[in-house]
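Hi,

Here is the structure I promised to pass on. Have a look at it first, and my notes on what turned up follow right below.

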Amino acid sequence: DSLAHDLRTPLTRLTGNLEAAQKGGEQERQAAIAAAYAEGHRLKQTFETLIDIARAETGLSREAMRQTDLGELVVDMVDLFEPLAEDRGVSLVGKAEPVTMLAHRALLGQAIGNLIDNSIKYARADGVIDVSLKKTPTGAEIIVADNGPGIPDEERLVAVQRFQRLARDADAPGAGLGLSIVSAAAHLHGGRLRLEDNAPGLRAVIELNDAPADQPKR
């Protein structure tokens with residue numbers, strides 16, 4: 001139901017752009033085709049993300065898990081987003097304890113990237129984002145903490161649900177799947193996503209557990 005509801009609007013925009021391409025002059029046609037292509041690309045990304053979430057939640061992505069240097073992964077993601085943070089006038093700081101464990105590197109990298117991207121998006125011009133990796137008795141925690149506006153406690157459960165947008169994001173681009181895939185990645189690794197108050201800002205914690213997870217569901 002959520003999928004049908006939330007894809008109705010982009011599909012309507014896509015068909016509307018194609019109809020405009022059929023009727024307009026050359027300049028209007030090219031603009032409409034470009035808009036339709038962009039909309040189609042966003043839809044493709046949405047479906048790919050939904051597949052990633054479904055595979056993670058059911059354990060089917062476990063076949064791609066390998067022994068992974070999580071410290072290296074965290075540093076790589078900080079390096080990747082550092083230019084974007086600098087452009088926004090935001091300080092991005094990374095620190096990682098040495099941790100190696102069984103992990104899905106690509107999915108976990110996407111989850112870390114989603115959290116960093118969100119923090120950069122909402123950070124103040126002089127904001128600070130701390131990305132850290134800490135070893136725990138059962139595995140590890142990846143923490144992304146900022147001093148931005150944060151998410152009110154009563155909205156945190158909604159924020160991780162698929163296709164759910166906070167009121168402040170109603171007009172922003174996106175499908176509302178960013179935190180859903182972070183939550184799914186944590187679930188695949190036997191943990192969970194915690195959203196906490198950083199006083200001020202948001203502290204997002206990805207729990208990762210070394211203990212064997214449940215068998216994939218069919």
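Helix 3 and helix 4 cross in the right-handed sense. This is a predicted model, by the way, so please read everything here with that in mind. Two packed helices are described by the angle between their axes and by how far apart those axes are. For helix 3 and helix 4 (residues 105–122), the angle is about 35 degrees and the axes are 10 Å apart.

Who makes the contact? From helix 3 the list is Leu 70, Glu 72, Leu 73, Val 74, Asp 76, Met 77, Val 78, Phe 81, Leu 84 and Ala 85. Helix 4 answers with Arg 105, Leu 108, Gly 109, Ile 112, Gly 113, Ile 116, Asp 117 and Ile 120. Sorted by type, the residues of this contact are twelve nonpolar, two polar and four charged.

A bit more on helix 4: it has 18 residues and spans 26 Å from its first C-alpha to its last, close to the 26 Å expected at 1.5 Å a residue. Its buried residues include Leu 108, Gly 109, Ile 112, Gly 113, Ile 116 and Ile 120, and those names also appear in the contact with helix 3. Leu 107, Ala 111, Asn 114, Leu 115 and Ser 119 are among the buried residues of helix 4 too.

Now, what else does helix 3 touch? Helix 3 (residues 70–87) lies across strand 2, strand 4 (128–136), strand 5 and strand 7, and runs at about 175 degrees to strand 2.

Those strands belong to an open sheet of five, in the order 2-4-5-7-6, with mixed pairing. At its edges sit strand 2 (91–96) and strand 6 (193–197), each pairing on one side only. On average, neighbouring strands in this sheet are turned by 15 degrees against each other, direction ignored. Inside the sheet, strand 5 (residues 139–146) and strand 7 (residues 202–209) pair in the antiparallel sense over seven bridges. If you want a spot to zoom in on, Val 144 stands opposite Ala 204 in strand 7.

Stepping back to the whole chain, there are six helices and seven strands, and along the sequence they follow the pattern α-α-β-α-β-β-α-β-β-α-α-β-β. The chain has 218 residues, and 41% of them count as buried. Of the contacts between residues at least 6 apart in sequence, 70% join residues at least 24 apart.

That's it from me. Enjoy looking around!

Cheers

Key:
Residues numbered from 1 in each chain as written. Predicted model: local features only at pLDDT ≥ 70, side-chain atom pairs only at ≥ 80, totals over all residues. Heavy atoms only, no water. Pairing = 2+ DSSP bridges. Helix = DSSP H or I, 4+ residues; strand = E, 2+ residues; numbered from the N terminus. Axes fitted to C-alpha atoms, helices over the stretch in contact; angles between N-to-C directions. Contact = heavy atoms within 4.5 Å. Left-handed = near helix turned anticlockwise from the far one by under 90°. Nonpolar A, V, L, I, M, F, W, Y, C, P; charged D, E, K, R; others polar. Expected span 1.5 Å × (residues − 1). Buried < 20%, exposed > 50% of the residue type's maximum accessible area, 1.4 Å probe, protein only.
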